[in-house]
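Let's take a guided walk through a protein model. Have a look at the fold, then read on.

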Amino acid sequence: MSQLRRDYKKCERIIKKNSKTFYKAFSMLTNEDKKNAVYAVYAYCRYADDIIDQSNDLAALNQLKKELDDFVRNEEVNNFIFRALLDVRKKFYQDFDFKPFYDMLEGQYMDLNFKPINSLEELRNYATKVASSVGMMLTPILAPNGNKEKLDLVSYHLGVGMQITNILRDIGEDYKINRIYLPSDLMSKYNYKISDLAIGLINDDFMNLFNEIAFTAKTHYRIALENMDVFPKEERQILTYALVLYREIIDVIIENGYDVFSRKQSVSEMRKIKLIKEYTINE
Ligand SMILES: CC(C)=CCC/C(C)=C/CC/C(C)=C/COP(=O)(O)OP(=O)(O)O
């Protein structure tokens, strides 16, 4: 097996291990080059995220930024992620502005110097760095000829919708590492305190707070869905699956009594299969 194939295989193992939803959706791509490219982008993002979530390692994040600088300057970066990304670059990133790759790192620096989030607007700003950026990395692969403005719009809304979902699902886990992504102005509005969060209190105030944030996420999902026609048919189908599977986490949480404290909520395999059937576009 060539080194490049082995590099892509490693990237595939990373997405497969870390995100059931995204692997389920993107592994449906029939174009091998596109599929591998998505896996390489995922591996880059996962690596950046893990450096911070697992070890708060500033030196490693600085090193990754340096590697990205070298890569962008066309200097050799000899590790499996950048070797794979070099191939992605040749195939999909002609004239590409690597800003989304930098945005992802900026989002990780924000987590490292964590500052309380005061409003939905600040939350959206954070989500733009860590999730809409992923959309902007993926759209040149998924829709090389699509209208850039519309692709950016979908990246923005789908990224923000997914990131808010992720934040709602991980409220308990994040609190344990001193990260509160719930906007403080909304916490005040619903009279839900940090001391409530500390004991995992699920009361009417919490449910109202959760519902308002969930409603925001669903609005972003709706706008993304309304603009999916910017993608070619197969990619549109696959992204629609990714969207509805991820969005479903919100409903699962609500059905389970808003419990985001005692376990990580997820969509069952059976429910995923049902959603895939329901959202298959028959033309
Ligand atoms: C236009 C376009 C392609 C937009 C999509 C952008 C996109 C995929 C953003 C990622 C958002 C997100 C919260 C990922 C969590 O990943 P994770 O690995 O933590 O996953 P998990 O929640 O399944 O654990």
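What follows is a tour of the domains, the core, a few helices, some single residues and the ligand site.

First, some ground rules. This is a predicted model, where local features need pLDDT of at least 70 and side-chain atom pairs count only at pLDDT 80 or more, while totals for chains, interfaces and linings use all residues. Residues are numbered from 1 along each chain as its sequence is written, and side-chain values use heavy atoms, with hydrogens and water left out.

**Domains and core**

The domain assignment splits the protein into domain 1 (1–101) and domain 2 (114–283); such bounds come from an automatic or database domain assignment. Taken over C-alpha atoms, the centres of domain 1 and domain 2 are 22 Å apart. Domain 1 puts 25 residues into the contact, and domain 2 puts in 22 residues. Here, contact means heavy atoms within 4.5 Å.

Now for the core. A nonpolar core is a set of buried Ala, Val, Leu, Ile, Met, Phe, Trp, Tyr and Cys residues joined through side-chain atoms within 4.5 Å. Buried means under 20% relative accessible area, exposed means over 50%, and partly exposed is in between (1.4 Å probe, protein chains only). The largest nonpolar core holds 93 residues, and those with the most contacts inside it are Tyr44, Leu85, Tyr93, Phe101 and Phe210. Helix α3 (residues 32–55) supplies the largest share of this core, 12 residues. Where does this core lie relative to domain 1 and domain 2? Both domains give residues to it, so it lies between them.

Tyr93 makes a nice example. Not counting residues up to four places away in sequence, Tyr93 touches Val41, Val88, Phe98, Phe101, Met137, Pro140 and Ile141.

**Two helices up close**

A quick word on naming: helices (H or I, at least four residues) and strands (E, at least two) are DSSP runs, numbered from the N terminus. The expected span of a helix is 1.5 Å times one less than its number of residues.

Helix α4 (residues 58–72) has 15 residues, which should span 21 Å at 1.5 Å a residue, and its end C-alpha atoms are indeed 21 Å apart. At the start of α4, a side-chain oxygen of Asp57 comes within 3.3 Å of the backbone nitrogen of Ala59. That is a polar contact, meaning a pair of N or O atoms within 3.5 Å; within protein, one must be able to donate a hydrogen and the other to accept it, and residues adjacent in sequence count only if both atoms are side-chain atoms. Just after α4, Asn74 has a positive phi of about 70°. The buried residues of α4 are Ala60, Leu61, Leu64, Glu67, Leu68, Asp70 and Phe71. Their cover includes α3, α5 (80–92) and α6 (99–112).

Helix α5 passes the length check too: its 13 residues should span 18 Å at 1.5 Å a residue, and its end C-alpha atoms are 18 Å apart. Which residues of α5 are buried? They are Phe80, Ile81, Phe82, Ala84, Leu85, Asp87, Val88, Arg89 and Phe92. These pack against α1, α3, α4, α6 and α7 (120–142).

**Four buried residues**

The contacts in this table leave out neighbours within four places in sequence.

| Residue | Relative accessibility | In contact with |
|---|---|---|
| Val38 | 3% | Phe26, Leu29, Leu138, Ile141, Leu142 |
| Asp7 | 3% | Phe80, Arg83, Ala84 |
| Gln163 | 13% | Tyr126, Ala127, Val130, Ala131 |
| Cys45 | 9% | Met104, Val134, Met137 |

Val38 sits in helix α3, and Cys45 lies in helix α3 as well. Asp7 belongs to helix α1 (residues 3–18), and Gln163 to helix α8 (residues 148–169). Cys45 and Leu105 are 60 residues apart in sequence, yet their C-alpha atoms are 8.6 Å apart in space. Val38 and Thr280 are 242 residues apart along the chain, with 21 Å between their C-alpha atoms.

**The ligand site**

How many residues surround the ligand? There are 18, and the closest are Ser19, Tyr42, Arg46, Arg169 and Tyr246. A residue counts as near if one of its heavy atoms lies within 4 Å of the molecule. A polar side-chain atom of Ser19 is 2.9 Å from an oxygen atom of the ligand. For Arg46, a side-chain N or O atom is 2.7 Å from a ligand oxygen, and for Arg169 the distance from such an atom to a ligand oxygen is 2.9 Å.
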